[in-house]
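Please open the structure in your viewer and keep the selection tool at hand. The tour below moves from stop to stop, saying what to select next and what is there.

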Amino acid sequence: NAGNAVISGIGWELDADGTLIISSDEGMKDWKDNGWSLHKDKVKTVTILDGVTGIVKQAFRECTNLLSVDMPDSVTEIGWSAFESCSSLKTVVIPDGVKRMEIFIFKKCENLVSVTLPESLEFMSNTFEECSRLREIVIPPNVDFIAANTFRDCIQLEKVIMCSENKVTIAEGSAFNGCKFLEHNAKAIILPAGTEEK
């Protein structure tokens with residue numbers, strides 16, 4: 001609609017101010033297949049409406065002007081590289097309901113400083129690689145494994161807080177390669193009382 005400066009497809013709409021609204025799973029797919037390649041540089045905010053169940057792989061990759069994302073609790077999975085190289089993105093709240101976060105979701109989000117993860121989260125892999133401004137991460141209680149390179153080259157990461165009292169997250173040797181606290185030999189992984197030995 002040229003008169004209102006609105007660009008739209010099946011289940012998605014991008015207005016002149018850079019607000020992208022995705023209203024259905026079909027809209028998520030149609031945006032990725034038909035809107036992303038042409039309009040990714042115009043996107044400043046993303047609003048995903050209730051009922052959308054997943055964010056497809058590479059959905060917002062290289063949307064370099066993206067500042068904020070609003071996701072509903074209906075989202076249960078975030079596909080790989082969904083926000084990779086979104087260099088303007090600073091804060092993200094992952095809603096309750098998300099169980100899986102695949103690889104490279106926030107890779108090279110160089111200005112990302114704050115991410116809130118939900119207690120529903122069960123799996124994440126290589127999610128925050130090269131997030132060079134991320135300073136602190138709280139691992140939700142349902143996460144029982146952190147894969148290799150999950151926080152690789154998060155050069156400002158100073159504190160990792162584990163929430164689980166029943167099972168301590170298992171981190172592969174390279175999960176924190178390149179993190180600041182390793183350079184200073186600091187005890188930056190904080191565990192619940194009584195679980196240190198385990």
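Helices and strands are named here from DSSP runs, a helix being H or I over at least four residues and a strand being E over at least two, and they are numbered from the N terminus. The model is a predicted one, in which local features need pLDDT of at least 70 and side-chain atom pairs count only at pLDDT 80 or more, while totals for chains, interfaces and linings use all residues. Residues are numbered from 1 along each chain as its sequence is written, and side-chain values use heavy atoms, with hydrogens and water left out.

**Stop one: Arg152 and its partners**

Begin by selecting Arg152, which sits in the loop between β13 and β14. For this and later stops, buried means under 20% relative accessible area, exposed means over 50%, and partly exposed lies in between, with a 1.4 Å probe and protein chains only. Arg152 has a relative accessible area of 24% and therefore counts as partly exposed.

Which residue meets the side chain of Arg152 in a salt bridge at 2.7 Å, N to O? Select Asp153, whose side chain makes that contact with Arg152; a salt bridge here is a side-chain nitrogen of Lys or Arg within 4 Å of a carboxyl oxygen of Asp or Glu. Asp153 is partly exposed, because its relative accessibility is 29%.

Now add Glu130, which also forms a salt bridge with Arg152, the closest N and O atoms being 3.8 Å apart. Glu130 lies in the loop between β11 (123-124) and β12 (136-139), and Arg152 in the loop between β13 (145-146) and β14 (159-162), so this pair ties together parts that are 22 residues apart in sequence. At 24% relative accessibility, Glu130 is partly exposed.

With Glu129 added to the selection, you have the whole of a network of salt bridges that links Glu129, Glu130, Arg152 and Asp153. If you draw a distance from C-alpha to C-alpha, Arg152 and Glu129 are 4.9 Å apart in space, although 23 residues separate them in sequence.

**Stop two: Arg135 and Glu158**

Select Arg135 and Glu158 next, a pair joined by a salt bridge in which the closest N and O atoms are 4.0 Å apart. Arg135 belongs to the loop between β11 and β12 and Glu158 to the loop between β13 and β14, so the pair ties together parts that are 23 residues apart in sequence. Arg135 is partly exposed at 43% relative accessibility, and Glu158 is also partly exposed, with a relative accessible area of 37%. A search of the whole structure finds eight salt bridges.

**Stop three: two asparagines**

Stay with these loops and select Asn126, found in the loop between β11 and β12. Its phi is near 50°, a positive value in a residue other than glycine, and Asn126 counts as buried at 11% relative accessibility. Then move to Asn149, in the loop between β13 and β14, where phi is near 70°, again positive in a residue other than glycine. Asn149 is partly exposed, with a relative accessible area of 23%.

**Stop four: the nonpolar core**

In soluble globular proteins, nonpolar side chains tend to be buried together. A nonpolar core is taken here as a set of buried Ala, Val, Leu, Ile, Met, Phe, Trp, Tyr and Cys residues joined through side-chain atoms within 4.5 Å. Which residues touch the most other members among the 53 residues of the largest nonpolar core? Select Ile55, Phe60, Ile78, Phe83, Phe106, Phe128 and Phe151 to see them. The elements giving two or more residues to this core are β2 (12-14), β3 (19-22), α1 (25-39), β4, β12 and β14, and α1 gives the most, with three residues.

Zoom in on Phe60, in the loop between β5 and β6 (68-70), which counts as buried at 0% relative accessibility. The C-alpha atoms of Phe60 and Val46 are separated by 9.2 Å, with the two residues 14 apart along the chain.

**Stop five: helix α1**

Finish by selecting Asp33, whose place is in helix α1. Is Asp33 buried or partly exposed? With a relative accessible area of 45%, Asp33 is partly exposed. Add Ala59 to the selection: the C-alpha atoms of Asp33 and Ala59 are separated by 8.9 Å, while the residues are 26 apart along the chain.
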